[in-house]
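User: I've got a chain here and would like to talk through how it is put together. Can we go over it piece by piece?

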Amino acid sequence: ILKVPLSHEDIEYYDEEWYEDNLLQQVEKKKIKIALAKVDATSSCAIEQLKKDPESKMLIFSERVNVVERLFNSLEKSQPGITRKHHGKIENRDLVLQEFIEAEGSPPRILVSTRQSLAVGINLQCA
């Protein structure tokens, strides 16, 4: 939550609806830019971790589908076949999840997902 102190004069100066919408849009754009800036670093970190422990599995969560897509693409570019993506816009989400859970010693090793798509009723302890 971003707290921006405003005086009553400031609020009266701006049209409240324009100000609130504009501020929310600015915050949203900034959050997306920050998340996208972390894609390469996250991808590199994940690949390095898999090199250290090739049998491990990893979950990477994001709040945004476009970040999940970019992370997936970045990881696939580095190590084709080791990553699966899971979010609300994917038709075969259950199949993707099952493939990740059942994979032992072979790809997929990384699941990139939105938090919402794995939020309720999914048990990943066995993965």
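User: Which residues of strand 3 point the opposite way from Leu111 and Ser113?

Analyst: This is a predicted model, so keep that in mind throughout. Strand 3 is mostly covered, with five of its five residues buried. Leu111 and Ser113 point one way from the strand, and the residues pointing the other way are Ile110, Val112 and Thr114.

User: Where does strand 3 sit in the sheet, and what is the strand order?

Analyst: The edge strands, each pairing on one side only, are strand 1 (58-62) and strand 2 (83-86). Strand 3 pairs with strand 1 and also with strand 2. The sheet is open and its pairing is parallel, with strand 3 listed between the other two in the order 1-3-2.

User: How many bridges join strand 1 to strand 3?

Analyst: Two of the facing pairs can be named. Met58 stands opposite Ile110, and Phe61 stands opposite Ser113. The two strands run parallel, and the number of bridges joining them is five.

User: And on the other edge, which residue of strand 3 is the bridge partner of Arg84?

Analyst: Strand 2 and strand 3 (residues 110-114) pair in the parallel sense over four bridges. Along that pairing, His86 stands opposite Ser113. For Arg84, the bridge partner in strand 3 is Leu111.

User: What angle does helix 5 make with strand 2?

Analyst: Start with the sheet: its neighbouring strands are turned by 20 degrees against each other on average, ignoring direction. Helix 5 (residues 93-102) packs on this sheet and touches strand 1, strand 2 and strand 3. Its direction and that of strand 2 make an angle of about 145 degrees.

User: Which residues make up the uncovered face of strand 1?

Analyst: Strand 1 has two faces to tell apart. Met58, Ile60 and Ser62 belong to the covered one. That leaves the uncovered face, made up of Leu59 and Phe61.

User: Is Thr83 buried or exposed?

Analyst: Thr83 is found in strand 2. Leaving aside neighbours within four places in sequence, Thr83 is in contact with Phe72, Leu75, Glu76, Ile110 and Val112. Its relative accessible area is 1%, and the cut-off for burial is under 20%, so Thr83 is buried.

User: Let's move to helix 3. How far does helix 3 reach from its first C-alpha to its last?

Analyst: Helix 3 (residues 39-52) has 14 residues. At 1.5 Å a residue, the expected span is 20 Å. The helix comes close to that, reaching 20 Å.

User: Within what arc do the buried residues of helix 3 fall?

Analyst: The buried residues in helix 3 are Val39, Ser43, Ala46, Ile47 and Leu50. On the other side of the helix, Ala41, Cys45, Lys51 and Lys52 are exposed. Seen down the axis, the buried ones line one face, because they fall within an arc of 95 degrees.

User: Which residues does Ser43 touch, setting aside those up to four places away in sequence?

Analyst: Ser43 is found in helix 3. At 2% relative accessibility, Ser43 counts as buried. Beyond its sequence neighbours, Ser43 touches Leu71, Ser74, Leu75 and Ser78.

User: What about Asp40: buried or exposed?

Analyst: Asp40 is also placed in helix 3. Asp40 lies 35 residues from Leu75 in sequence, with the two C-alpha atoms 8.8 Å apart in space. Its relative accessibility is 54%, and anything over 50% counts as exposed, so Asp40 is exposed.

User: Stepping back to the whole chain, what pattern does the chain follow along the sequence?

Analyst: The chain has five helices and three strands. Read along the sequence, helices and strands follow the pattern α-α-α-β-α-β-α-β.

User: Among contacts between residues at least 6 apart in sequence, what percentage join residues at least 24 apart?

Analyst: One pairing at such a separation is Thr83 with Ile110, which are in contact. Across the chain, the share of those contacts that join residues at least 24 apart is 70%.

User: Last one: of the 127 residues, what percentage count as buried?

Analyst: The accessible surface of the chain comes to about 9,200 Å², with 50% of it belonging to carbon and sulfur atoms. Counting residues instead, the buried share of the 127 is 29%.

How values were computed: Residues numbered from 1 in each chain as written. Predicted model: local features only at pLDDT ≥ 70, side-chain atom pairs only at ≥ 80, totals over all residues. Heavy atoms only, no water. Buried < 20%, exposed > 50% of the residue type's maximum accessible area, 1.4 Å probe, protein only. Contact = heavy atoms within 4.5 Å. Areas by Shrake-Rupley, 256 points an atom, 1.4 Å probe, with all protein chains shown as cover. Pairing = 2+ DSSP bridges. Axes fitted to C-alpha atoms, helices over the stretch in contact; angles between N-to-C directions. Expected span 1.5 Å × (residues − 1). Arc of directions from axis to C-beta.
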